[in-house]
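Student: Pick one small part of this and give it a proper close look, please. After that, work outwards until I can see how the rest sits around it.

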Amino acid sequence: MALALVALLALAPALDFLPSAKVPRAYLEAVAALQSIEVCEGKVPRPTSSARHVFDTEGGDKLVKPVHLRRVKVAAGYGLHFDAAKQLGFPFASGEQLLAPDMLCATEHAVLKAADGSLEAHRSKVIKILRTHGEQLRPYSLSLNASSCRPMSSRYRAG
Amino acid sequence: MNVLMLAAFVDAYDLPDKDIARCFWHGFQAIGAVPDSHAHRLLAPPTTLDIARFESNLQQIMIGNEAWADEVERIVTKRNKASSVSADTHDRLNAIVETTEKELTKGLISKGLSRGQVTHKWGFGRYRPMIRSAVFQGEKWRCIDDGRRSLLNNATLLLETIVTPSYELPLHVARAAAAIANRHGIPQAELHYGLDDLLAAFRTLPTSQQQFNLFVTWSPRLQRIEYHYCYGFVFGLKSSVTQFNRFPEVTAAVARHLGVPTAHYVDDFQIVDVAAAKASGQDIVYEIHCQVGDGIAAGQPRPFISSPAVELAKRKPMAPSNIGLGVMVDLSKAHTEGTVAFMPSANRVKHILEMWAKAKRSNRMTSGEASTLRGKRQFLLECAQGRVGRASSLSLVQREYHDGDETEFSEALQHAYEFDAALLPNLPFRVELVEPPNVRPLLVYTDAMFRPRKRKRRDCDDDVLEAWKARFVSKLGIVLYDPHCDPDNTAYEPALVAGCEDGHLVYASATPPDDIVATFLRARDGDFQKTYIAQLEVLAGVAVYFTYPDRVRGRQVNHFIDNTVALSGLVHGYARKLDLARIINAFHLQIAALGANVYYEFVPSKCNVADLPSRDEYELLDEHGGKRTPMLFPPASDWTGPLDLWFKRFSANPP
């Protein structure tokens, strides 16, 4: 267990601002428990553009692309182009194109678990684990907050 | 704040923002070079020279802190002691006082401090205040602290920018869910859409630099200026948005790792989940925030706010339809009829029309007001069918960018207002398919032939219409093909579509009507412009849908066109030239009324079969079984009359 904790701290920098002695064992247990309920694993690539829209795919293409990149790969000939274009479908932006991999995975999980009737039970288990480990870590967090080097407490009255 | 739970999520799911727990403990940076959190989209990295310049600039700004505080005090005092102010300014000053009082009551900001207290707290020259202003948003005033004017935004270097989801997200999920169900051979899942909001948003994000979340207001009671600092982030600092968004980025990602389809738009969470989940997805999103936050369970009182928390009072429970990001999204038919509908919320329409009405009443629209109105209008039209109404923003663009200091509510603005007043309350719902349809798309080619006449015709006089013919040779060609009507096509199924009795291939050609070309813009000297090819290309587009409306209604169309200016105008729904914009506007109104979806695509002229009828060559089309029909054009009065006529004509539910 101690070895695992050392390994986690070496590999998991989310608490690297704390001396390792201040990281409680409950933290390691929480990380392990959270990993046990993870259904969509893997890193999501950092976004490189703004959100996708259906119209980007289905609204048309204002660019004059090289012939080999066009939907109808004909550079000359009325009949040739017409015959090829007759077979075209209408562009369709699929869910796979529009959603990030983790959103797609979450959707798949929800659809499949709903179909086999196990979704609600699974989610109850998830909530229970979140509560258990959230409550176990809370006292450590409160103690940590008390040592905060923030200039002033930020407690606001609920409106 | 349960900082350890937040860190545990980051470590358990290897989330990119490794520093977020430390920032909640220590406070988030407000100004200066803000380190990359890895949570958002990376901007172009600054060069060494950029960084050196920024550091030098930052130093210069900080040197002037005390002088700036003097200036802020002078401005705020002068503004509040002025003997006469406009009604707008009076309302704004009152709103600043009232909203500041409210924030004080809620404990979001510090009590009022004197300059001496501020200096004592942070040290001479080590703070920089902002001027507080207020803007009317929706139905309430919101305070904005001017980070730009105080140069605090210039003193901030960001390496990343946020990416927000589209209002279309439920459609994206519905499309994915349908494909998953098909792949696994299970029934289509009923979907629900719910939203949650975070309490006090920016204010709950602790800052390590309160001395730069500082603002100055006027105290009417004490008749002097007061300094307040915000415990979290103010509205108005450049860093507020990117820094705040780091938190929902983490919690939304956690929800997805746990199998709940969740996204967020700043502090608004969008959850699109299967109905069978019975809102358990929304419960998980709440629980994540509860556990990383103050641990207060749903329904329990929250005496004070110590961390970001879901505000249950603003919850939109999971339902088949809901308003998200100002758009009503209807998922109720996604699993039965395979459609998702979008419509702008009535409030948005009302707000835009009120902005127009106010401008008309006061006979005044500034460049800034035009910009705001254009932005709101553009967002609203995003959720209408096709590209309807976009081109009619031309007068707003004119006011925003080209009218200089002109503020009069011009005739062009009046026309645009009338157009919006007729169209916006009756905007066609946007209905999107969840799966590709069984019906194949129509194939349309359009073309315009246009060239200056080599020799002037002798039979012309000074009449405008004859003058056009004397100067130019022009003709339009249109071709429409329906695969379901073609016995030689594997998709042949005439019962599936309308109009097969008229043939699978129809085409037409015509000289553009004189009364329509008479509406085209002239050059400054009153003479014709050199070319009108783009106008004629789009006119051919208008003609094809006007000539064969019943064949096009409700269909998808692959529309080929060989002119890039016209193509760009049709794809964007917008053009800078007034006459072209008017035709494009009419075009999209027609398409929207017909409920058609059109994909515009380039075709080389040498491949454009519509080129043939525009040059009176019919052989090839006849060989393909083509039938020649007359080409029809909307009556001349429509081109100069109210544009919403174009929508009324073909709309099932006309305004």
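Tutor: Start with the two strands β14(B), residues 321-324, and β15(B), residues 327-330, which run antiparallel and are joined by four bridges. This is a predicted model, so take what follows as a reading of a prediction. The two strands make a hairpin with two residues between them. One of the turn residues, B:Leu325, has a positive phi of about 55°. Right beside the turn, B:Gly324 is bridged to B:Val327 in β15(B).

Now look at the faces of β14(B). In a regular strand, side chains alternate between the two faces of the sheet. Here B:Asn322 and B:Gly324 are on the covered face, while B:Ser321 and B:Ile323 are on the uncovered one.

The turn also leads us outwards, since B:Leu325 is one of the residues that B:Tyr265 touches. Setting aside anything up to four places away in sequence, the other residues touched by B:Tyr265 are B:Thr164, B:Pro165 and B:Gln270. B:Tyr265 itself sits in strand β10(B), residues 262-265. It has 19 other C-beta atoms within 10 Å, and because buried takes 20 or more, it counts as partly exposed. Its C-alpha atom is 8.6 Å from that of B:Ser166, although the two residues are 99 apart along the chain.

For a buried residue, go to B:His257, which belongs to helix α8(B), residues 238-257. With 25 other C-beta atoms within 10 Å, B:His257 is buried. Its contacts, leaving out neighbours within four places in sequence, are A:Glu38, A:Cys40, A:Asp102 and B:Tyr13. For a sense of scale, the C-alpha atoms of B:His257 and B:Lys78 are 55 Å apart, with their positions 179 residues apart along the chain.

That brings us to the interface. On the chain B side 103 residues make contact with 89 residues of chain A. Helix α7(B), residues 169-184, gives the largest share of that side, ten residues. By type, the chain B side divides into 60 nonpolar, 24 polar and 19 charged residues.

From chain A, helix α7(A) is worth tracing end to end. It covers residues 119-146, and at 1.5 Å a residue its 28 residues should span 40 Å; the end C-alpha atoms are 39 Å apart, which agrees. There is a kink of about 35° at A:Arg138, shortly before the proline A:Pro139. The buried residues of α7(A) include A:Leu119, A:Arg123, A:Val126, A:Leu130 and A:His133, and A:Gly134, A:Leu137, A:Ser141 and A:Leu144 are buried too. An α-helix has 3.6 residues a turn, so residues three or four places apart point the same way. Both chains help cover the buried residues of α7(A): α2 (25-36) and α6 (101-115) from chain A, and α1 (3-12), α2 (20-26), β11 (268-274) and α9 (280-292) from chain B, are among what covers them.

B:Phe9 has contacts in both chains as well. Besides its neighbours within four places in sequence, it is in contact with A:Leu34, B:Leu15, B:Val250, B:Val254 and B:Val292. The largest nonpolar core has 217 residues, and B:Phe9 is among those with the most contacts inside it, together with B:Leu6, B:Ala8 and B:Ile478. Helix α19(B), residues 578-594, contributes the largest share of this core, eleven residues.

For a contrast with β14(B) and its uncovered face, turn to strand β21(B), residues 556-561, where six of six residues are buried. B:Gln556, B:Asn558 and B:Phe560 point one way, B:Val557, B:His559 and B:Ile561 the other, and all are buried. β21(B) has parallel partners: four bridges join it to β18(B), residues 442-452, and six join it to β22(B), residues 597-602. B:Asn558 is a handy anchor here, since B:Leu443 stands opposite it and B:Tyr599 in β22(B) is its bridge partner.

Zoom out and you have chain B with 23 helices and 23 strands, its C-alpha trace spanning about 90 × 65 × 50 Å along its principal axes. Buried residues make up 50% of its 655 residues. Of the chain B contacts with a separation of 6 or more, 74% link residues 24 or more positions apart.

Terms used. Residues are numbered from 1 along each chain as its sequence is written. Chains are lettered from A and ligands numbered from 1 in the order in which they are written. This is a predicted model: local features need pLDDT of at least 70, side-chain atom pairs count only at pLDDT 80 or more; totals for chains, interfaces and linings use all residues. A residue is buried if 20 or more other C-beta atoms lie within 10 Å of its own, exposed if 12 or fewer, and partly exposed in between; C-beta atoms are placed from the backbone. Two residues are in contact if their C-beta atoms, placed from the backbone, lie within 7 Å. Ala, Val, Leu, Ile, Met, Phe, Trp, Tyr, Cys and Pro count as nonpolar, Asp, Glu, Lys and Arg as charged, and the others, Gly among them, as polar. A nonpolar core is a set of buried Ala, Val, Leu, Ile, Met, Phe, Trp, Tyr and Cys residues joined through C-beta atoms within 7 Å. Two strands pair if DSSP finds at least two bridges between them. The expected span of a helix is 1.5 Å times one less than its number of residues. The bend at a residue is the angle between axes fitted to the seven residues ending there and the seven starting there.
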